[in-house]
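Student: Before I accept any label on this model, I want to see the criterion behind it. Can we go through the terms one by one?

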Amino acid sequence: MNRRYQEPRLVLFSGAVQSACGMAQSAVGPFYCPGDQRVYIDLDFLAQMQLQLGAPGDFAAAYVIAHEVGHHVQNQLGVLGRVQELRSRVAEAEGNALQVRVELQADCLAGMWARRAQDARQILEDGDIEEGLAAAAAVGDDRLQGRARGHVQPDSFTHGSSEQRVRWFRTGLQSGQLEACDTFRPARP
Ligand SMILES: [Zn+2]
């Protein structure tokens with residue numbers, strides 16, 4: 001797009017961490033803070049994902065990091081700011097639905113990264129794509145809510161279902177194109 005890309009900083013933490021977005025506990029999981037343009041990766045979450053959520057492998061971790069860097073890209077493209085502004089004016093369920101589109105786009109951008117990195121540097125080993133897809137499925141709201149509460153409540157989803165997350169990661173992976181990652185266009189993302 002002929003725009004200048006500013007790289008994010010990576011912060012690894014365990015337990016709790018202080019960021020420009022406030023104090024975060026490990027329970028929050030990995031996150032991106034637009035205020036300081038840092039990606040915060042919770043090592044406890046990564047361990048839990050590998051051991052308990054059924055998403056083992058190095059590429060599962062790569063997917064998590066790439067998803068958060070995807071939020072950094074969205075920040076630079078102005079997507080995060082626009083959605084935040086919109087969310088302040090709509091009801092909670094509608095706000096959640098907007099947030100789902102943000103998250104699915106970050107998944108798509110993670111897939112795009114995997115595709116571009118593979119084309120440029122042949123990073124992928126056998127089974128990596130499956131690991132990434134398993135990780136995307138493991139962190140779907142329906143899967144996580146089902147584990148935590150025994151039932152799911154789609155209105156409260158903020159990241160999308162396992163099916164949606166896998167599908168958008170795959171879309172980015174197969175296309176390698178930003179235009180394919182417009183999760184705001186379809187009536188149902
Ligand atoms: Zn996210």
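Tutor: Start with accessibility: buried means under 20% relative accessible area, exposed over 50%, and partly exposed in between, with a 1.4 Å probe and protein chains only. This is a predicted model, in which local features need pLDDT of at least 70 and side-chain atom pairs count only at pLDDT 80 or more, while totals for chains, interfaces and linings use all residues. Residues are numbered from 1 along each chain as its sequence is written, and side-chain values use heavy atoms, with hydrogens and water left out.

Student: Why does aspartate 119 count as partly exposed?

Tutor: Its relative accessibility is 47%, which lies between the limits of 20% and 50%, so the label is partly exposed.

Student: What makes aspartate 119 and arginine 115 a salt bridge?

Tutor: A salt bridge needs a side-chain nitrogen of Lys or Arg within 4 Å of a carboxyl oxygen of Asp or Glu. Here the closest N and O atoms are 3.0 Å apart, so the pair meets the definition. Arginine 115, at 29% relative accessibility, is partly exposed. The two residues are four apart in helix H4, and are therefore separated by about one helical turn.

Student: Why is the contact between arginine 185 and aspartate 182 called a salt bridge?

Tutor: The N to O distance is 3.7 Å, and the cut-off is 4 Å, so this pair qualifies. Arginine 185 counts as exposed because its relative accessibility is 62%. Aspartate 182, with 27%, is partly exposed.

Student: How many salt bridges are there in the structure, and which residue meets arginine 165 in one?

Tutor: The structure holds five. Arginine 165 meets aspartate 107 at 2.8 Å, N to O. That pair links distant parts of the chain, with arginine 165 in helix H7 and aspartate 107 in helix H4 (residues 92–121), 58 residues apart. Helices here are DSSP runs of H or I with at least four residues, strands are runs of E with at least two, and both are numbered from the N terminus. Arginine 165 and aspartate 107 are both buried.

Student: How do you know that glutamate 68 has no salt bridge?

Tutor: The nearest side chain of opposite charge is that of arginine 165, 6.8 Å away. Lys and Arg count as positive, Asp and Glu as negative, and His and the chain ends are not counted. Glutamate 68, which lies in helix H2 (residues 58–77), is nevertheless buried.

Student: What lies 3.2 Å from a polar atom of the glutamate 68 side chain?

Tutor: The backbone nitrogen of tyrosine 32 does. Glutamate 68 also touches residues including Pro30, Val39 and Ile41, leaving aside those up to four places away in sequence; contact means heavy atoms within 4.5 Å.

Student: What makes E1 an edge strand?

Tutor: Strands pair if DSSP finds at least two bridges between them. The open sheet has three strands in the order E1-E5-E4, with mixed pairing. Its edge strands, E1 (9–13) and E4 (31–33), each pair on one side only. E1 and E5 (residues 38–42) run parallel and are joined by five bridges, so they count as paired.

Student: Why do E2 and E3 count as paired?

Tutor: Four bridges join E2 to strand E3 (residues 22–25), running antiparallel; the definition asks for at least two, so they pair. Along E2 (residues 16–19), Val17 and Ser19 point to one face and are buried, whereas Ala16 and Gln18 point to the other and are not.

Notes:
A polar contact is a pair of N or O atoms within 3.5 Å; within protein, one must be able to donate a hydrogen and the other to accept it, and residues adjacent in sequence count only if both atoms are side-chain atoms.
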